[in-house]
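Trainee: I would like a close look at a single part of this protein. Please take me through one helix and what surrounds it.

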Amino acid sequence: MVSLENTRNAKGGFTFDQIVNSNDDLIDQTQISFSNTNDNIPLSSELEPSFKQIKTTLFISAHIFFTIMFISSLFLTPFLCNKNKKLCPVFEPLDVLLFIHATYWILFYFFDRIYHYYHMKSRRNGYLAFYRNTRLVRSLPLIIISAGNAIMVVLLRVFKKYCPVSCTNSDVTPLNFVQIFCSVEFGIIALVLFHYLILTFKFNKSKRMPDINQELERPIFSPSQLKDLGYKDKSYLSTILENQADMLRYLQEKNETLTQKLYQKNEKSLPNIN
């Protein structure tokens, strides 16, 4: 009879039961180690604050202030130039307003770059939904004033060729047309900036956790999503693809940031050979 006891034989080998049991123990230990090291890995360090506000409220307020100042200058500039010719010795009030409008485009461009910088920083912190929701509203002021510059070029050409003095029976001058157009233009910009300011206030007041963690913890198919399976239009599919693209960009930027921090930490920890 051959013994199948779980003991090592005289020749130094192992029985069949020992091999099977050792393999099972190795698999169990690997699963436990993998679950302990990979489950619920946070994307941010516990030492980092749970909420990081976006610091654009002061810039948006300054942007609104400059917008209101331009609307005021539309009517103050002609009044002051006509009252005191020394204030506008070379250029007409219409020319001065055009120069101010062009200068404001440069100012709006700098504001747009500031908003872009802080929103990219907020996206790197994991606030992807707020980045998507404010992508258009923070870009509209620069888009509107850029379109206004193009329309102003066409209007000036029309004024110069067809009505250099007055364009209607009511004696509306080209200066009056520019005042009306710019008032509407910057009025829309002011409304957009107020809406943007309200969204920023609500975001900073809510103090939400980064929504990237919610996106990663969300199941692939939740019970509510199972009811919606079927044909979807292009807008639904584009929204899903946009969310996934934002998440991939965030993970890539987070990986690059952590790699850079790890590299800097290793450089500091290396002994000074010299």
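Mentor: What follows is a walk from the whole protein to helix H6, and then to two other helices.

Start with the whole. This is a predicted model. The protein has 9 helices and 0 strands. Read along the sequence, the pattern is α-α-α-α-α-α-α-α-α. Of its 274 residues, 27% are buried. The accessible surface is about 19800 Å², and carbon and sulfur atoms hold 63% of that area. Now consider contacts with a separation of 6 or more. Residues 24 or more positions apart account for 80% of them.

Now go to H6. This helix covers residues 174-206. It has 33 residues. From first C-alpha to last it reaches 48 Å, close to the 48 Å expected at 1.5 Å a residue. After H6 comes Lys-207, with a positive phi near 55°.

Stop at Thr-200, which lies in H6. Is Thr-200 buried or exposed? Its relative accessibility is 0%, so Thr-200 counts as buried. The cut-off for buried is under 20%. Where does the side chain of Thr-200 reach? It comes to the backbone oxygen of Tyr-196, at 2.9 Å. In general, an α-helix has 3.6 residues a turn, so residues three or four places apart point the same way.

Next, look beyond the sequence neighbours of Thr-200. Leaving aside those within four places, Thr-200 is in contact with Ile-54, Thr-56, Thr-57, Ile-60 and Phe-130.

Move to helix H4, residues 128-133. Asn-133 is in this helix. At 58% relative accessibility, Asn-133 counts as exposed, because exposed means over 50%. Compare its distances to Leu-199. Asn-133 and Leu-199 are 66 residues apart in sequence. In space, they are 9.1 Å apart, C-alpha to C-alpha.

Finish with helix H3, residues 93-124. Its 32 residues should span 46 Å at 1.5 Å a residue. The end C-alpha atoms are 47 Å apart, which agrees. Gly-126 follows H3, and its phi is positive, near 105°.

One charged pair remains. Side chains of opposite charge can pair when their charged atoms come close. Here the count comes to 1 salt bridge. Arg-113 forms a salt bridge with Asp-112, and their closest N and O atoms are 3.0 Å apart. Arg-113 is partly exposed, at 38% relative accessibility. Asp-112 has 10%, so Asp-112 counts as buried.

How values were computed. Residues numbered from 1 in each chain as written. Predicted model: local features only at pLDDT ≥ 70, side-chain atom pairs only at ≥ 80, totals over all residues. Heavy atoms only, no water. Helix = DSSP H or I, 4+ residues; strand = E, 2+ residues; numbered from the N terminus. Buried < 20%, exposed > 50% of the residue type's maximum accessible area, 1.4 Å probe, protein only. Polar contact = N/O pair within 3.5 Å; in protein donor to acceptor, adjacent residues only side chain to side chain. Contact = heavy atoms within 4.5 Å. Expected span 1.5 Å × (residues − 1). Salt bridge = Lys/Arg side-chain N within 4 Å of Asp/Glu carboxyl O. Areas by Shrake-Rupley, 256 points an atom, 1.4 Å probe, with all protein chains shown as cover.
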